[in-house]
Amino acid sequence: VKRASVCCLARPMVSLSAALLARSVLLLPTGARRVGFATMSWIKEVDRSGVTFVNSFTDPAQMPRSTLPEITLVGRSNVGKSSALNCLSGRRKKVAQVSKTPGRTRLINLFSVGKACMITDLPGYGFAKVSVEMQEEWRKNVEKYLRLRDNLRAAVVFIDSQREPQQVDAQILDFLMYNEIPALVVATKVDKLKSSQLQPCMAALRKGLQLSPDQPIPFSSVTDTGRKEVWNYLEEMCTSGNGRT
């Protein structure tokens, strides 16, 4: 999949050299510059406190401010994002509603993770069966959120491990790089792959989306595969200076 194309969120086109430079800055560690957040074990904090729903918002301007680092979750409408959030929470009680209809998440949902961080679940892209006018409203609100949310430090981009690299995923990665938001790519539904398929599928996604050698992280909301790795990666991104400042 060719990166650095016109973004699905209507950002200006960026050159391949600019995209590669942004990737080297945003996805690969270049130094450990502290960003002022207290160090703690995020996986221990989420196991202790869980993930708590705060509220839903149509306009990012309505969202409360926090001094904690914020992580946003993005992905195609049928990628299993809500199931992944429930898995990351480590609780039997679901914090995100899992719908059989792709694209049901139409608001920006805000969650807290104890004293570690905040999480936002953004509307899915790709298959949402809504009017053109509503899709345009979503696009504007998502763009507004990603650009102006002061404590946003990183984005988790969920992709389907069973599918070939998708152009729309490449475009959202370009958009995040354009806005200097570091991205962690997580490949969902790996429990549906045979053991012999896992590494070839990860390699194909890594090559097709031009990812760093340690991405994507294989993930399953059924078996909890990748749960600890995702939390540890996000903690490192946000507390070692590799997240957005």
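## Exercises on strands, helices and a ring pair

Alanine 187 stands opposite proline 218 in strand E7. Keep in mind that the model you are exploring is predicted. Let's work through it together.

**Exercise 1. Find how strand E6 is joined to E7, and how the chain travels from E6 to E7.**

*Solution.* Start with the pairing: 2 bridges join E6 to E7 (residues 217-218), and these strands run parallel. Next, follow the chain: from E6 it passes through helix H6 (residues 195-208) to reach E7, in a right-handed β-α-β crossover.

**Exercise 2. Now look at the pairing of E6 with strand E5: what is its sense, and over how many bridges does it run?**

*Solution.* First, locate E5 at residues 152-160; E5 pairs with E6 in the parallel sense over 6 bridges. Then pick out residues that face each other: valine 156 stands opposite leucine 184 in E6. The connection from E5 to E6 goes through helix H5 (residues 167-178), and this β-α-β crossover is right-handed.

**Exercise 3. Work out which residues of E6 point one way and which the other way, and whether they are buried or exposed.**

*Solution.* Begin with a general idea: in a regular strand the side chains alternate between the two faces of the sheet. In E6, Ala183, Val185 and Ala187 point one way, while Leu184, Val186 and Thr188 point the other way. All of these are buried. That fits the count for the strand (residues 183-188), where 6 of 6 residues are buried. E5 is mostly covered too, with 9 of its 9 residues buried.

**Exercise 4. Starting from valine 74, trace a path of bridge partners through E5 and into E6.**

*Solution.* Valine 74 is found in strand E2 (residues 70-75). E2 pairs with E5 in the parallel sense over 6 bridges. Step one: the bridge partner of valine 74 in E5 is valine 157. Step two: the bridge partner of valine 157 in E6 is valine 185.

Now check the surroundings of valine 74. Its relative accessible area is 6%, and buried means under 20%, so valine 74 is buried. Leaving aside neighbours within four places in sequence, its contacts include Leu122, Tyr125 and Phe158.

**Exercise 5. Describe how helices H3 and H7 pack, and say where serine 89 comes in.**

*Solution.* Two packed helices are described by the angle between their axes and the distance between the axes. For H3 and H7 (residues 227-239), the angle is about 85° and the axes are 9 Å apart. An angle from 65 to 115 degrees counts as roughly perpendicular, so H3 is roughly perpendicular to H7.

Next, find the residues that meet: Cys87, Leu88 and Ser89 in H3 meet Arg227, Val230 and Trp231 in H7. Serine 89 belongs to H3 (residues 81-89) and counts as buried, at 0% relative accessibility. Not counting residues up to four places away in sequence, serine 89 touches Val46, Gly50, Val51, Val95 and Arg227.

**Exercise 6. How many aromatic pairs does the structure hold, and which parts does the pairing tie together?**

*Solution.* There is 1 aromatic pair in the structure. Phenylalanine 53 and phenylalanine 111 form it, with 5.5 Å centre to centre and 65° between the planes. Planes over 60 degrees apart count as edge-to-face, so this pair is edge-to-face. Phenylalanine 53 lies in strand E1 (residues 52-57) and phenylalanine 111 in strand E3 (residues 108-113), so the pair ties together parts 58 residues apart in sequence. To finish, compare exposure: phenylalanine 53 is partly exposed at a relative accessible area of 44%, whereas phenylalanine 111 is buried at 1%.

Technical notes
Residues are numbered from 1 along each chain as its sequence is written. This is a predicted model: local features need pLDDT of at least 70, side-chain atom pairs count only at pLDDT 80 or more; totals for chains, interfaces and linings use all residues. Side-chain values use heavy atoms; hydrogens and water are left out. Helices (H or I, at least four residues) and strands (E, at least two) are DSSP runs, numbered from the N terminus. Buried means under 20% relative accessible area, exposed over 50%, partly exposed in between (1.4 Å probe, protein chains only). Contact means heavy atoms within 4.5 Å. Rings of Phe, Tyr and Trp (its six-membered ring) pair if their centres lie within 6.5 Å; planes under 30 degrees apart count as stacked, over 60 as edge-to-face and the rest as tilted. Two strands pair if DSSP finds at least two bridges between them. A crossover is right-handed if, with the strands pointing away from the viewer, the path from the first strand over the helix to the second runs clockwise. Axes are lines fitted to C-alpha atoms, for helices over the stretch in contact, and angles run from 0 to 180 degrees between N-to-C directions. Angles under 35 degrees count as roughly parallel, over 145 as roughly antiparallel, 65 to 115 as roughly perpendicular and the rest as oblique.
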